[in-house]
Amino acid sequence: MKSTEIKQMLTDFLIHLFLILLAATTVYPLLYTLAISLSSAAEAAIPGLHLYPKEISWSAYKMVLSNQEIYIGYMNTIIRTVAGTFISVIISSMFAYALSKKYLPHRRLVSFLLVFTMLFSGGTVPSYLLIKNLNLIDNRWVYILPLIISAYNVIIIRSFFESLPDSLGESAKIDGANEFIILFKIILPISKAVLATVALWVAVAHWNSWFDAMLYINDNNKQVVQILLQRIITFNNSELVKSGQVSKNMMEYNSETIKSATIIFTVLPILAVYPFVQKYFVKGVMLGAVKG
Amino acid sequence: MDICAKNTVNNTVKKRGILSDYKQNWDIMLLMLPGLLLLILFNYVPLYGILIAFKDYVMFDGILGSKWVGMENFSKLFAGKDFLRCFRNTLHISIIKLICSFPAPIILALMLNEVKKLRFKKVVQTFSYIPYFFSWVVLSGIITMLFSVSGPINMVYTAMTGKEPLVFFADGHLFIGMIVGTAVWQGLGWGSIIYLSALSAIDEVLYEAATIDGATRWQQMIRITLPCLIPTIVTVFILNLSGVLNAGFDQIYNLYNPTVYDVSDILDTYVLRRMQSMDYSIATAAGLFKSVICFVLVVASNFIVKRVSDNELGIW
């Protein structure tokens, strides 16, 4: 009896220790980046764990904030995230609502068309040629239009709508209301939780998106912040690789602090809202577990 | 009254013709229309562009005007060393990733399930999800600093072993190890959510009964918890398997460099490179090759799972 109790306690201890270490692996990289971004170039140059800056220096942030290109990129990212999310949630819920109604003509066909997109795609080149033919190269709509409908999000909203009782819209229908009024006045107001989940996912996807910007946008006035960050990082890396070993060049370390500041600047909105909206993110995964 | 009328109309719609069906449901169809048009435009219209995989595409002539070449692009593809190397690398990376990142979230979920202090559990979960919300551009920025020759990981390594620092970005093996490790790290917490929700659905009575029968915690896990997780595990496995040709473009593109192309050049980077050098037909052929294999894999594995489980499991 005694030995099993000890075993029990030891297991518990090891599990807790492991989980703490795991949490540390996600917190430490952030702390490190934050510390470097707040360090002076000289301090960042000293190898170390950099859990916190010895003396806070805002010079890297001043450099980043005074950079016109980064400012424009940040604005473009905000615009695409806000507009893209709004449009996507509206059109997705309209689509999902229609699909949730058994009397929708061609319902099976449309459902199939939706699900099939999760299984097969034409690939990068055909998409690129389409965007080109639509004259969307160097056009900000290229950020928004292709991301509006995602099969996964539509299916999540649809399963929620299907779980609502039919009686909700019926009395309105008797009063002569059409489907638009039922959706926007009755259904959407009670679907806030699922809409919030989908909106957050779409927003994160927009905020983090860089591949579309890299392929379709050449005009620096329309570029997004992720691409600018990528340019700063790849510049640093190519320097690293060329020399094989890191040279003790001050300039390079200096750019390390700027890189960190740009990273913090880029993830700040996500980190700021994350603690408050976490439960919505998680809720979506449970909803998504329902068969498509 | 209207509702009843509508239902009877729907039941007899075949007799009354499709047009009156449309007329009856104009509002719901109008709601569907924008989404459907976008779906077709961005997911089905590009399928027509697949034709150029079988043509010698010249932009000036357009897709229809370019000359048919049959399977020539594919034979060129398989004759080239580059493509085969990328194919091999893709399989190599994604299989190692699958082996490492598939069981990890299950183990994490089982561990979290053993934690009785809810507060602690919640905090660990919250932290473990964070990397999932960062783009690989951001993550690669952080990773290149941490893994650099003078970074903290090498500092700890040299202090502990007294050896030379590891050059993660120039050594093939180390690079792949880092790719796999950071991929597992990024998806671990988020991947565990689906298992945790399955775990919370297990009836407590099962555990109570087992405890009375004298089962240890380990036995309870093997005999109760794991069997209850099987449906979820199978579903996630199918989804993972269909991505076996996705070695992780976002991650690799943002982390690799010419010194490790040998081991890290994958199908997606190949397609992108050929596209950027305007070899559209070859690039499309390579992309199509990948799409078709993915499609076959997911359909086949779903079919097999459904067969084995008497239609109980599977994703559709």
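Confidence varies along the elements of chain A in this predicted model: the lowest mean pLDDT among them, 73, belongs to helix H13 (residues 225–243) of chain A, while helix H7 (residues 141–144) of chain A has the highest, at 97. For chain A as a whole, the mean pLDDT is 87, and 90% of the residues of chain A reach 70 or more. One stretch of chain A calls for a more careful reading. Over residues 240–253 of chain A, pLDDT stays under 50; for this stretch, the model has 19 contacts beyond four places in sequence.

Attention turns next to the meeting of the two chains. Here, 81 residues of chain A are in contact with 72 residues of chain B. On the side of chain B that touches chain A, helix H4 (residues 26–48) of chain B provides the largest share, with 15 residues. Sorted by character, the residues on this side of chain B comprise 48 nonpolar, 20 polar and four charged.

Within chain B, a further division can be followed along the sequence. Domain 1 of chain B covers residues 2–68, and domain 2 of chain B covers residues 72–308. A distance of 36 Å separates the C-alpha centres of domain 1 of chain B and domain 2 of chain B. The two domains do touch: six residues from domain 1 of chain B and six residues from domain 2 of chain B take part in the contact. On the domain 1 side of this contact in chain B, four residues are nonpolar and two are charged, with no polar residues.

Methods
Residues numbered from 1 in each chain as written. Chains lettered and ligands numbered in written order. Predicted model: local features only at pLDDT ≥ 70, side-chain atom pairs only at ≥ 80, totals over all residues. pLDDT = per-residue confidence, 0-100. Helix = DSSP H or I, 4+ residues; strand = E, 2+ residues; numbered from the N terminus. Contact = placed C-beta atoms within 7 Å. Nonpolar A, V, L, I, M, F, W, Y, C, P; charged D, E, K, R; others polar. Domains from an automatic or database assignment.
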